[in-house]
Amino acid sequence: MTRSADLLREGRELLLDLVDRAEVRDAAAAWTGRVSSVTARTDRVDVDALLIRLDGCVAWALPTGQDLDATTLVRSLGTWFGQPA
């Protein structure tokens with residue numbers, strides 16, 4: 001079992017895709033130099049994806065079953081992690 005804290009030790013922000021939604025990873029693709037994208041399984045049932053800062057705070061969340069608003073995710077990525085490389 002891997003914990004999110006273990007993934008954050010790499011020194012990169014984390015996009016945690018909890019139900020394998022490719023559109024979430026695709027929307028964040030321009031930030032792959034700064035943000036690690038990980039598809040994982042969890043017992044959580046309230047979210048499909050999380051964008052987690054290095055300090056462990058959630059910068060963005062996609063509630064379970066909700067359509068992706070890519071603009072909101074891209075805005076969060078830009079706000080917290082700067083413009084894509």
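**Close-up 1. The side chains of Arg21 and Glu23 are joined by a polar contact.** In this predicted model, the two side chains approach to 2.8 Å. Arg21 belongs to the loop that links strand 1 (13-17) to helix 2 (22-27). With a relative accessible area of 12%, Arg21 is buried, because buried means under 20%. Leaving aside residues up to four places away in sequence, Arg21 touches Asp48, Leu62, Gly65, Gln66, Asp67 and Leu68.

**Close-up 2. Asp20 has a positive phi.** The phi value of Asp20, a residue other than glycine, is near 60°. Most residues other than glycine have a negative phi. Asp20 is part of the loop between strand 1 and helix 2. Its relative accessibility is 47%, and Asp20 therefore counts as partly exposed.

**Close-up 3. Four strands form an open sheet.** The strands follow the order 2-1-3-4, and their pairing is mixed. Strand 2 (35-39) and strand 4 (58-63) occupy the edges; each has a single partner strand, so one side of each is left without a neighbour in the sheet. On average, neighbouring strands of this sheet are turned by 15° against each other, direction ignored. Helix 3 (residues 70-81) packs on the sheet and touches strand 1, strand 2, strand 3 and strand 4. The direction of helix 3 makes about 170° with that of strand 4.

**Close-up 4. Strand 1 and strand 3 run antiparallel.** The pair is joined by 4 bridges, and strand 3 comprises residues 47-52. Leu16 has Leu50 of strand 3 as its bridge partner, while Asp17 stands opposite Ala49 in strand 3. In a regular strand the side chains alternate between the two faces of the sheet. Of the 6 residues of strand 3, 6 are buried, so this strand is largely enclosed by the rest of the structure.

**Close-up 5. Strand 3 and strand 4 form a hairpin.** These strands run antiparallel and are joined by 5 bridges. Ala49 stands opposite Leu62 in strand 4; Ala49 also stands opposite Asp17. Leu62 is, in addition, among the residues touched by Arg21. Between the two strands of the hairpin lie 5 residues. Gly56, in the turn, has a positive phi of about 90°.

Technical notes: Residues are numbered from 1 along each chain as its sequence is written. This is a predicted model: local features need pLDDT of at least 70, side-chain atom pairs count only at pLDDT 80 or more; totals for chains, interfaces and linings use all residues. Side-chain values use heavy atoms; hydrogens and water are left out. Buried means under 20% relative accessible area, exposed over 50%, partly exposed in between (1.4 Å probe, protein chains only). A polar contact is a pair of N or O atoms within 3.5 Å; within protein, one must be able to donate a hydrogen and the other to accept it, and residues adjacent in sequence count only if both atoms are side-chain atoms. Contact means heavy atoms within 4.5 Å. Two strands pair if DSSP finds at least two bridges between them. Axes are lines fitted to C-alpha atoms, for helices over the stretch in contact, and angles run from 0 to 180 degrees between N-to-C directions.
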